[in-house]
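User: I would like to go through this structure step by step, with the reasoning spelled out for someone in the first year of study.

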Amino acid sequence: MLVADRLTHRWSRTGEPVLREHSLRLEPGRVLGLSGPSGAGKSTLAAVLAGLRTPESGTVVVDGRPLAEWTGPRPVQLVLQHPERAMNPRWRIRDVLAEALPGRRREAVAQVTERVAQEWDAHHGLVSPAWLDRFSHELSGGELQRVNLARALLARPCYLVADEISASLDALTQTVLWHRLDHEVAETGLGVLAISHDAALLAQVADEVVDFADLAGSPLTPA
Ligand SMILES: Nc1ncnc2c1ncn2[C@@H]1O[C@H](COP(=O)(O)OP(=O)(O)OP(=O)(O)O)[C@@H](O)[C@H]1O
């Protein structure tokens, strides 16, 4: 279980806190939907859950161990709406995918990236093997987003924070992508936090939907 307890975070020392003792539980093998208005703090919470921001106070514990104590691959992967920000523009797509496999032999990495591209290609062409030798600027935003998600799953995270990951996709591709994620949830026990403004999408893909505001000031454990 991913347990975030009483997280507080403000972006400037004198500013209002964006996270105000926000708490949530994300179970393995489940999809939890998170909704809330623009600017509320959902992406801030996402960054803290993934360990990319340190909260002013509060804890994030992943499968019984504080997030800060995990070494090696991040147990919580974050995929954002704008995939180009998460990729080195000088890398080919095969190197972008290989980033999820640090420390492996070159030949093994090449094999895995080819296999992953073929496997994702089988899901209605979500990722094409033909993209592997291209640079990120040679793919569309939606294509890059699928590569970004494939890379995040290749790292074998325990939990995935998916922040508006399908907002730039057409309806059919969106359905196929969530179907692919569902498969991962069922097969590997991945826990997913799906952040979106799209209530209809969340109703479709999530086991439960919570509102960002309702997570504030509701500690999971006694103070
Ligand atoms: N790097 C930053 N530096 C300063 N302020 C920030 C930073 N990132 C976000 N903020 C501020 O924190 C608040 C919450 O932003 P956040 O991106 O978490 O909201 P959100 O709920 O994800 O919004 P949206 O749905 O529009 O993506 C906003 O007021 C935003 O301006």
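**Strands, helix and core**

Analyst: In this predicted model, Val 62 has Arg 65 of strand 5 as its bridge partner.

User: How many bridges join strand 4 to strand 5?

Analyst: Strand 4 covers residues 57-62 and runs antiparallel to strand 5. The number of bridges that join strand 4 to strand 5 is two.

User: Which strands stand at the edges of the sheet, and why is one side of each left without a neighbour?

Analyst: The sheet is open, has four strands with antiparallel pairing, and follows the order 2-1-4-5. Each edge strand has a single partner strand, so one of its sides has no neighbour in the sheet. The strands at the edges are strand 2 (19-26) and strand 5 (65-66).

User: At about what angle to strand 1 does helix 1 run?

Analyst: Helix 1, made of residues 42-49, lies across strand 1 (2-9), strand 2 and strand 4. Relative to strand 1, the helix runs at about 120°.

User: Which helix gives the largest share of the largest nonpolar core?

Analyst: This core has 59 residues, and among those that touch the most other members are Leu 49, Val 147 and Tyr 159. The largest share is five residues, and these come from helix 4 (residues 141-154).

User: Which charged residue belongs to the shell around the ligand?

Analyst: By class, the shell holds three nonpolar, six polar and one charged residues. The residues around the ligand include Gly 41, Lys 42 and Ser 43, and since Lys counts as charged, the residue asked for is Lys 42.

Methods. Residues are numbered from 1 along each chain as its sequence is written. This is a predicted model: local features need pLDDT of at least 70, side-chain atom pairs count only at pLDDT 80 or more; totals for chains, interfaces and linings use all residues. A residue is near a molecule or strand if its C-beta atom, placed from the backbone, lies within 6 Å of it. A nonpolar core is a set of buried Ala, Val, Leu, Ile, Met, Phe, Trp, Tyr and Cys residues joined through C-beta atoms within 7 Å. A residue is buried if 20 or more other C-beta atoms lie within 10 Å of its own, exposed if 12 or fewer, and partly exposed in between; C-beta atoms are placed from the backbone. Two strands pair if DSSP finds at least two bridges between them. Two residues are in contact if their C-beta atoms, placed from the backbone, lie within 7 Å. Axes are lines fitted to C-alpha atoms, for helices over the stretch in contact, and angles run from 0 to 180 degrees between N-to-C directions.
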